[in-house]
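Me: Take one small piece of this model and go through it closely for me. Then work outwards until I can see what sits around it in the fold.

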Amino acid sequence: MRYTGPKVRRSRRAGVPLTAKAERVMERRPLPPGQHALGRRAGKQSDYGRQLAEKQKIRWYYDLSERQLRTLFDKNRRRSGRAGENVIAALESRLATVVLRAGLAPSIYAARQFVNHGHVTVDGAKVDIASYAVKPGQVVAVRAKSRRMPAFQAAAAGQFADERTAAYLDVRRDELAVMLTHEPKRAEVPVPFDEQLLVEFYSR
């Protein structure tokens, strides 16, 4: 079942902001949720605990179910190269993530909703599958009839844009479009994950 509870609470537990609101709240309250968080002593975490925590952080950040993340991991561990880096590249190439990184949505949850509701095209054809794997050279855009929506007007004004555009994207904000220029490289992904812990968790 997909999580529908408070995103700020989940962000504080993960240690990374999952929405813009969570980022503001975590500046004031960086500790995990719960009334005893302030007085809680940090005990030594087991290897399994660290692996599980990092796996959950990645899953929550990209808004995936456990089955989706496991399937994606199994598929990408068979590719040449480092399994963890392959997984991150695949996650960053998902249609919902591209929409988010391009500044076309304020959060991964909104990006998923925009895709599922049919507001997004890939190379001119409507695609309503958030997990669709965007290929280098493909252009993701907001459908013409959706561009008058307030959310996309805000996107065109740059309200959801990151301070720096990801190096693997060519964003055309005035057109509400973005092209994936090449497969994302791990050093270009702007989130501090330790994907090796994910590999260790699923390799147990």
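Reply: Aspartate 123 is found in the loop between S1 and S2, so that loop is a handy place to start, keeping in mind that this is a predicted model. The backbone of aspartate 123 has a phi near 55 degrees, a positive value in a residue other than glycine. Is aspartate 123 buried or partly exposed? Aspartate 123 counts as partly exposed, because its relative accessibility is 48% and that class runs from 20% to 50%.

Now follow the strand that leads into this loop. Strand S1 covers residues 120-122, and S1 pairs with S3 in the antiparallel sense over three bridges. One of the residues in this pairing is valine 122, whose bridge partner in S3 is valine 140. On the other side of the loop comes strand S2, residues 125-126.

Both strands belong to an open sheet of five strands, in the order S2-S1-S3-S5-S4 and with antiparallel pairing. S2 is an edge strand, as is S4 (169-172), and each pairs on one side only. As a reminder of what holds such an arrangement together, strands of a sheet pair through backbone hydrogen bonds, either parallel or antiparallel. Moving across the sheet from S1, strand S3 (residues 139-142) is joined to strand S5 (residues 177-180) by three bridges, and these two run antiparallel as well. In that pairing alanine 141 stands opposite alanine 177 in S5.

The far edge of the sheet brings in the cavity. The structure holds one cavity of 30 Å³ or more, and the largest cavity has a volume of about 30 Å³. Its lining is made by Arg101, Ala102, Gly103, Ala161, Asp162, Thr165, Val171 and Arg173. Val171 in that list falls within the edge strand S4. By class, the lining has three nonpolar, two polar and three charged residues.

There is a second case to set beside aspartate 123. Aspartate 63 also has a phi near 55 degrees, again a positive value in a residue other than glycine. The place of aspartate 63 is in the loop between H3 and H4. Where does aspartate 63 fall on the scale of accessibility? Aspartate 63 counts as buried, because its relative accessibility is 6%. So the two aspartates have phi near 55 degrees in each case, but one is buried and the other is partly exposed.

The helix before aspartate 63 makes a nice geometry check. H3 runs over residues 47-61 and has 15 residues, so at 1.5 Å a residue it should span 21 Å. The end C-alpha atoms are 21 Å apart, which agrees. Much of what H3 carries is tucked away: among its buried residues are Gly49, Gln51, Glu54, Ile58, Trp60 and Tyr61. Charged side chains turn up there too, with Lys55, Lys57 and Arg59 also buried.

Past aspartate 63 you get to H4 (66-76) and the second largest pocket. About 450 Å³ of space lies in that pocket. Its lining counts 18 residues, and Leu72, Lys75, Asn76, Ala90 and Ala133 lie nearest the centre. H4 and H5 each supply at least two lining residues, and H4 gives the most, with five. By class, that makes eight nonpolar, five polar and five charged residues.

Asparagine 86 ties H5 to this neighbourhood. Asparagine 86 lies in helix H5 (residues 83-92), and it counts as buried because its relative accessible area is 7%, under the 20% cut-off. Leaving out residues up to four places away in sequence, asparagine 86 touches Asn76, Arg79, Ser80 and Gly81. Of these, Asn76 is also one of the residues nearest the pocket centre.

Zooming right out, the chain has nine helices and five strands. Along the sequence the pattern reads α-α-α-α-α-α-α-β-β-β-α-β-β-α, so the loop of aspartate 123 sits between S1 and S2, in the run of three strands. Of the 204 residues, 46% count as buried. Among contacts between residues at least 6 apart in sequence, 53% join residues at least 24 apart.

Terms used:
Residues are numbered from 1 along each chain as its sequence is written. This is a predicted model: local features need pLDDT of at least 70, side-chain atom pairs count only at pLDDT 80 or more; totals for chains, interfaces and linings use all residues. Side-chain values use heavy atoms; hydrogens and water are left out. On a 1 Å grid over the protein atoms alone, a cavity is a set of points where a 1.4 Å probe fits but cannot get out, and a pocket is an open set with protein on both sides within 12 Å along at least five of seven lines; lining residues have an atom within 4 Å of a point. Grid points are joined across faces, edges and corners, and a volume is the space filled by probe spheres set on the points. Ala, Val, Leu, Ile, Met, Phe, Trp, Tyr, Cys and Pro count as nonpolar, Asp, Glu, Lys and Arg as charged, and the others, Gly among them, as polar. Two strands pair if DSSP finds at least two bridges between them. Helices (H or I, at least four residues) and strands (E, at least two) are DSSP runs, numbered from the N terminus. The expected span of a helix is 1.5 Å times one less than its number of residues. Buried means under 20% relative accessible area, exposed over 50%, partly exposed in between (1.4 Å probe, protein chains only). Contact means heavy atoms within 4.5 Å.
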